[in-house]
Amino acid sequence: MPAQARDHTAAGGDKGGSPLVIEAKGCFVRCLQHPTDHLEGQLYLDRLSKRDRKDALRRTAERREAVLARRAARPPRRRARQLS
């Protein structure tokens, strides 16, 4: 499990510009941290211990071929209409 705060308070504004404060505990802290990590170029794997990261990468490699085969078997997605 990644090293992460157990409690966190995030402050900002809503889409109307009004102040907004969110207090998070436990798993919700990860939900708040996740997009911020991406903006800073950090992945979930980066927060894991060396041992857990190695295990996660091994599991990913083991499942790679099966995932690619499932994707290839899916029908192609329709393209979104272009906005004009």
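These are my notebook entries from a first look around this structure.

**Entry 1: what kind of model**
I started with confidence, since this is a predicted model. The mean pLDDT of the chain is 86, and 87% of the residues reach 70 or more. I then looked at the elements: helix α1 has the lowest mean pLDDT among them, at 86, and helix α2 has the highest, at 94. I kept one general caution in mind: where pLDDT is low, the predicted coordinates should not be read in detail.

**Entry 2: the layout**
I counted two helices and two strands. Walking along the sequence, I met them in the pattern β-β-α-α. Helix α1 covers residues 27-39, and helix α2 covers residues 50-73.

**Entry 3: the strands**
How do β1 and β2 pair? I found them antiparallel, with seven bridges between strand β1 (residues 7-13) and strand β2 (residues 19-25). To follow one bridge myself, I picked His-8 and found its partner in β2, Ala-24. The two strands make a hairpin, with five residues separating them. In that turn sits Gly-17, whose phi is positive, at about 95°.

**Entry 4: helix α1**
Next I followed helix α1 and noted a bend of about 30° at Gln-33. A proline, Pro-35, comes within four residues after that. Just past the end of α1 I stopped at Gly-41, which has a positive phi of about 75°.

**Entry 5: the cysteines**
I wanted to know how many disulfides there are. The count is zero. Why do Cys-27 and Cys-31 not form one? The closest cysteine sulfur to that of Cys-27 belongs to Cys-31, and at 5.3 Å it is too far for a bond. A disulfide here would need the sulfur atoms within 2.5 Å. I checked from the other side too: the sulfur of Cys-31 has Cys-27 as its closest cysteine partner, again at 5.3 Å. Are these residues buried or exposed? Cys-27 counts as exposed because its relative accessibility is 56%, while Cys-31, at 49%, counts as partly exposed.

**Entry 6: surface and contacts**
Last, I looked at the chain as a whole. Of its 84 residues, 6% count as buried. The accessible surface comes to about 8,000 Å², and 54% of that belongs to carbon and sulfur atoms. I also looked up contacts between residues at least 6 apart in sequence, and 27% of these join residues at least 24 apart.

Notes: Residues are numbered from 1 along each chain as its sequence is written. This is a predicted model: local features need pLDDT of at least 70, side-chain atom pairs count only at pLDDT 80 or more; totals for chains, interfaces and linings use all residues. Side-chain values use heavy atoms; hydrogens and water are left out. Buried means under 20% relative accessible area, exposed over 50%, partly exposed in between (1.4 Å probe, protein chains only). Contact means heavy atoms within 4.5 Å. Accessible areas come from the Shrake-Rupley method with a 1.4 Å probe; for residues, only the protein chains shown count as cover. Two strands pair if DSSP finds at least two bridges between them. pLDDT is the predictor's confidence in each residue, from 0 to 100. The bend at a residue is the angle between axes fitted to the seven residues ending there and the seven starting there.
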